Every structure is written in C-alpha cells, then in structure tokens.
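Please open the structure in a viewer and keep the sequence panel visible. The tour below proceeds by selection, one stop at a time.

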Amino acid sequence: VKDLKPVTHSYLLNRTPPGICSSHLLLGPCCCLLPPNLNSITPFSCGLQDCEDPNPLIRALAVRTMGCIRVDKITEYLCEPLRKCLKDEDPYVRKTAAVCVAKLYDINAQLVEDQGFLDQLKDLLSDSNPMVVANAVAALSEINEASTSGSPLIEMNAQTINKLLTALNECTEWGQVFILDSLANYTPKDDREAQSICERITPRLAHANAAVVLSAVKVLMKFMEILPSDSDFVSTLTKKLAPPLVTLLSSEPEVQYVALRNINLIVQKRPDILKHEMKVFFVKYNDPIYVKLEKLDIMIRLASQSNIAQVLSELKEYATEVDVDFVRKAVRAIGRCAIKVEQSAERCVSTLLDLIQTKVNYVVQEAIVVIKDIFRKYPNKYESIISTLCENLDTLDEPEARASMIWIIGEYAERIDNADELLESFLEGFHDENTQVQLQLLTAIVKLFLKRPTDTQELVQQYVLSLATQDSDNPDLRDRGFIYWRLLSTDPAAAKEVVLAEKPLISEETDLLEPTLLDELICHISSLASVYHKPPNAFVEGRGAGVRKMLPARIGSQETVLDQSSNAIPGTGAVLEPPAVIPSQDSLIGDLLSMDIGAPSVLANPANMFNPTLPSVDLLGTGLDSLLGGDMTTGSGGDLPVISQSTTGLLGDIFGFSATPSSYTSPKICWLSADKGKGLDISGTFSRRNGQIQMDFTFTNKAMQPMVGFALQLNKNSFGLTPSGPLQVMTPLPPNMSHECSLPLATSGAIQRMEPLNNLQVAIKNNIDVFYFACVVPMNVYFTEEGQMDKRVFLATWKDIPAQNEVQFTLSNLQCNAVSVAHSVKIFFLVTRERRSPDNTTSLVQQLFHIKVLIFVTDAVVQKMQQNNVFTIAKRNVEGQDMLYQSLKLTNGIWVLNELKIQPGNPNITVSVLKRYTHLELRINQICYVHLLLLFICKSPIIHT
C-alpha cells in the first residue's frame, strides 16, 4: 500500500480527467463541507495522515497535493501540516512546503500572513540546503508579485545576498534562475559590492542552460550601470559577455530567436559587447525566416565604418534570395547602412543601383523607397542617379514606391527636363491611386509649378487642384488642395516659402527603442517582455503587471545627482536647499491694518533667498541614456526650436510670429471698483519682464476731486512678494482721467501661507482713504529664467524621485492642438474667405493637422512655453503623440519637472508632474501647471494673428 501512495498522489496531480478537479477526487462530493468529525472518513484525511508518514517522499507528495486543492473552506486544515513540513528534517519536504506556501497565498493571502508562514519562508533563506533556499526565494518572489502592500518581502542586505550567492553554486538550474532573478532586484550600496557580486555571478555565463545564461546577463547588465563606465572591470566584463551570447546562437531555432531578441536589446544598450562578432549574425541558408529577419536587424545595429564592407557584401547577397520578405528587408537594410554610416553612403548607393539593374520588380521598388531616404539624409549629393530611377517609372505598382518616386520628381523638378510629363502620367488614374500617392502627387505638382511656373500653370490649375478639391471625397486631399489653391492665388511668394521650405534631415536610427523603455526591458531580459519588446503591463493583466523596473543610477559618479537621503549634489559640492515651509495663515486683514502704508518699503536689488546651484557639465554628451527618448540637442540641428529674438522673412509674416517673443500676460481685470474705492477704480494684471515680476495698474479717477498721495503695501504671502520700489502714480490724478503704471516686485518679503497659494492681499492709500482688495497672481510670473535644468541633472532627478511622488492629471476639452492654432493662422482665413464651390464645406479645422504647413504646432507650444520660462529638455514622438519633458524653477527655489503628452486632434492633455519633497510642492505643482496650460497655452494663441 505504501508503494502505491506516491503513484496515487502523482495521478491526482498530473492525470486528473478533463472537467474534474483534483479537489473533487480528494474530497468527494462533499468537498465544500468538511466538518471535523468527518475527517476520519473522507479521502482528504488520507492526505493529513500522509503528512506524518515516515517516508519523506510521501510527506512531500502529500503536502504538494493538498496545496493544489483550491477550496477556500479547507485551507485552515492545511496550516498545521504545512507548518510541520516547513520545519521537516528532510530538505525535499522543506523545499516542497516552501512552494506550497505560495500556492496557499494565492488562495487565502490573509491566512498566510496571520499564520506566520511568511516569516518561516524568510527563515528558509538561511537553510543549509541550496534547493530549499532556491524554492524559498521563488515562493517569496511569487508572493511579492501578488502582494498589494508594495513593500518587498525579502530584505535584501549583504547577509542575505551572501546566502543566495552561496546557494547559487549548488542548486539546480531552475533554482539558479530564481536566485538570479531575485538578485536582479537588488541595488548594491557601492561599487565594491556591485563588483563583488558580478565576480561571483560571472561563472553562470558558462552554464549549459540558456535561461541561466540570460538571467546572469540580466544581473550583469544591471550592475554594469552602477559601476564606472571607464573602469577596467567593466571593460573585462564586456569581453566576457560576448562568448555566452554567441554560444546561444548555436542552439535550436526557437532558442536562437529568443536569444536574438534579447541580444537586440543588449546591442542597443551596449553595442561594444558584440561589436567584433558581426559574422555570427550572418544569415545561414537553413535559418527560419523569423531568425533571418532578427539577425538582419542586429547586423544593422552593429554596422560601423570598420565592418561596413563586410555587411554590404552580405546584404547584396541576401537581396538575390528567393524569400520576398527577406529580400525586401535586406534592400531596406542597405539604405539604413547608408544613413547610419556616412562614409559608406556612396558604396550603398552604388549597391542599390546594381540591384535596380536586376529589374526584379520588388527589389527595384524597395530600392527607390530607401533612395528617397538617402536623398533626405544627404541633399544635393547623389541626385545624378535620378535619371536611372526614372527609367523604372512604369514598373512601379506599390503605393509607397510610387509615392517615393513622385516625391523625388517633385523635389528635384528643376533638374528633370520632362518632370511635367512624368507627373502628368500619374494624373491619368488619379482617382484610382492610393491616398498616399494622391497627396504626394498634389504636393509634387505644386512644387513643380513654384519652380517652373510658366510651363506648368495649366497642369496645376486645370488638373491637379481641380481633381483634389472638386472631384475628390477625401477630406485630407481636399483640404490640402484648398490650402495650396489659396496660397497660390493670393501670394505665390508665400506659397514658395511654405511648400519649398528646407526639410529637416532624417535621423540615422529611427527604429531604436526609447531609452526609458529600453532600460525597463533590460531589467526583463530572459522574460516574455524581452521577446515582445514591450513592458509586461502591455500584455499581462493582473498582479504584478503594473510594477515597473528601471536600471539604477551609477554610484559614486556624476550620474547620481541627487542623493536619496540628502540634497547634496555629489561631485559638485553644491547643496540643493529645500524650499522654506510656508507658515499657516492667520488674521491677514489685521496685518494689513497694522501696516505703515504711508512709508512703503523700497528694496533695491533684492537677493533671492533660495539659490540652489546645479552642475553645468553636459553629462549626456556621450549619448548614453538620451533622456527619455529623442535627441537632446537644443540648438541648431536638434528637435527643439531655438527661440530667436526676431523672426524675419515672409514665412514669419504668414504665420504672424511676433518679432519680440515675450511671456504671456493675462488681460487686466477689475481689482477695485469705483463704488468700493470711493471713486477710485483700479484694474490690473501681473507680468514678468526682464527677469522681474511687475504689477501693472490702470488707475481711473471717477470721483469729483483730484487724487494724490498714492501708496501701496502688500500683505505677507506665499511667495514673499513685496514692492521693490515706490508706487509711481501721476500726481495729482484729475477727475475722469486714467493713468497706467507698473510696480516692480521682489520675492524677498515675509512668507505667509495663503489660500489659495497664489492669493495676494493689497492695501492702497490715497488722500481719500485706505482701500483693501485681494487678487490672484498668475503662476507663470513666478517662473524664473534659470529654470532650464541641465539634461543630465534632469535625467538623474527624474529617476531619483520615487514613483509615488509622481502626480498625473488630465486637462480635458482643450483645443490647443489643432483648433486654436488653426483659428490663429492667416492661411486658414485665406482658405475660408471665399469658396469656389458650394459643396466645399468640409471642416478644415478637423483635418488641418494633417497638412505640412501646420506641423509646427508642438514646436509652437515649445516656443510659447519657453517664452514663459518653461524649458523643454527633450521631445519625442511615440505612436502619434508628442511627449515634452520640461523643467521650470519657481522664485522660491522649487523645481518642477513634468511630462506633457499632446496628441494631434485629441482635446485632452496629460500632465505628469514629479515632486521631490512631499509636503507643499504637490499643491504648487497642480496650481502651477493647470494655470499654465489653461492660460498661456489655450487662451493665449500659440501663433499670433
């Protein structure tokens, strides 16, 4: 009978018939009711008895079987046997019981915590048997993912780490995977500890199991971020990582593919690891297509000036294969090489021309598509091959290839004698063309007209514009046609400035993952996330899916900008002082009444009471961690617009750019009405000019007598506003007269917390009486000119602030993306002033953002915000929405970091604000950004009319 018990438990676990749960087999039809007096006659009692069996195998199988019974009403009967098994003398029983705790936690988490099983699991980390340690780590990791508390269950300290590393050498391969994954969640306290852990993990790279190798690579990749990048140890570790990754490529195709997907991430993060291993990624004839395509992608990422000849030779060979998809990607890869390695561009173009001469249709079409990109990257350099491209015009049948060829003809129409004939040939089947081709053809013919107006006027007016506006039902096409029509008929010079404007160069790597996503995926190497190249929460729902992992900041170097425990900036000697705590509000009117308003204070050159200093070195100059995606340049050639002091030229006149950009000033509002001011009417606003806050007044005397002796005093307020000079009002102010004046303000006055925070109480005195009123100061006047944070500091600060300090809110129904801009663009009025046909009533506002002349919407937002001292540190585009990463500094020394998400056509804007301190900044940040966006993005036109 004893010999049958293991077989019975294995059958119940592994051979349960479909539709019948093991709980039913163990408990019988009464599995939902299990009174204590029936324990002796139910099959479940056999499991309880087996937990006391002298055979350790049976004890382990019994607790394993009972752990699979997912019936909540009997879990309390499992507690005592499980507690005994966790302390069993046999390690096999203990390791099985450790896994059973995780299963029980999934059924009843509260019961596990109340019964103290978690403490027993933590005690097993010190077990003498490495497999028990591994299973305890696995169980605790599983429980930690399911826990809602957010606090880690394993206290990772030097002692625990040493125990795990000791067990790592002796446990099974899957136990090693669990331990390595747990180590990946640990952040060493210094370089020395990180190096010591790496040295003890490095032997795992030689393991035969691919999962162990990838898990070890994950830990090493994470810890290499902590170590100084120029250290000899990192250089040695980089060399050691290459052989195990290469070895993985000799496995079966499925393992190869998983390894390649992980290698793709690794070479994006650290291309030096495999820069000398290009040959192992050359495609073999018997590789599956999914392996071929992945190898091809990695080849492009590793391409450099030193190996480009090898790569091009291989790619040219691949372009003669029989697999169409593979050939297409190989041809495109040649174009990517030309864009990435400038020295190889001429050789790549020559290779593409050789492929065009093969006259293979799909090869020719792919070559034309990539040559268009090469023209964009290297203008006025390889245009001599256009004649060769035109010879294949009749063979093009794919929309992307036809659109690319049309773009080439339109862009270089002045160099092609018969450009009008070539473009006219496309008009014959205009209505049957793909939308992409129609739009490109419309733009190309307009370009041709602007370059050769005398020869092509009829082609533009009678053909393409008529086809696009009157005979088309596509709103994108019709709106673009009307834009061009009005531009050409009103001001051809303006049209030339818009349509023939200089185009930005395309980037050399457009398919790289954004740095933050790449860092997150590096932390998920050897998991599905690294295969999908998506974070876990993109394809996994439920527990643990929302937990976000990020690479740590480098310890002991300039990358660690803000220390967690203090405000010191390492390596600079500077200290970032915390903002002053604003005291609670008392009787403010009493304070005002006690002021000596007859003698207003005069403060010359007020000193800022908060003066945090930041390092000025450009730590991101090497391209490492290019701050949340996109280029980090803010000068010419970068993604971010540079605000000039003057905007000259016709294009600036078309869009109505102001010649002298200035910060937004809200309209004046009535602060004190004449009936409350005994004939004195005061309206005003606040502005920021020349780095100083100004209080702008309009005093109107509606009384019957002159007014003299004006003086002003401000109550204590949240930001310490105080006059920095006397109030200069015309004296006397005659009846029925108005006078405008400005009062400069400093921020060195007494601080008193107000509700709301930007509330300001004012007392005005003249020869008639003393008057009191309150006004709200717009937050943007508190934004200082020193708010542009260094890019490296921004990145480190963003990473350093805890996730729980991030506040995200959505501003709804804001029409600043397309509608507000469209109404303020003169071209829009040119289009809508007259209609040639009554049926041309399509809403231009709805489609304007599809047109090239309005691609400046986000850049205009960047400009407008920079004029208001909100500085854009980085900009990127993710899945059609623009994401701006910005910083600003308030006059009281508080720094605000935010992420602004703008999607064309979407009236909702998402703002994510990070705060370092936890007491007051949340209130300031919310008021600051809501006010900022509502006032000077939405109400203030982004492009002035």
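The stops are a sheet, two peptide bonds and two residues with notable backbone angles.

This is a predicted model, in which local features need pLDDT of at least 70, side-chain atom pairs count only at pLDDT 80 or more, and totals for chains, interfaces and linings use all residues. Residues are numbered from 1 along each chain as its sequence is written, and side-chain values use heavy atoms, with hydrogens and water left out.

Select strands E6, E9 and E10, which form an open antiparallel sheet in the order E6-E9-E10. Strands here are DSSP runs (E, at least two residues) and helices likewise (H or I, at least four), numbered from the N terminus; two strands pair if DSSP finds at least two bridges between them. Strand E6 (711-714) and strand E10 (770-776) are the edges, each pairing on one side only. Strand E9 (residues 759-765) pairs with E10 over seven bridges; one of the places to select is asparagine 759, whose bridge partner in E10 is valine 776.

Next, select proline 756, in the loop between E8 and E9. A cis peptide bond, with omega about -5°, joins glutamate 755 to this proline. Then move to proline 732, in the loop between strand E7 (722-723) and strand E8 (737-746); the bond from threonine 731 to proline 732 is cis, with omega near -5°. Most peptide bonds are trans, and most residues other than glycine have a negative phi.

Finally, select histidine 533, which has a positive phi of about 60° and is buried at 13% relative accessibility. Lysine 678 has a positive phi of about 55° and is partly exposed at 47%. Buried means under 20% relative accessible area, exposed over 50%, and partly exposed in between (1.4 Å probe, protein chains only).
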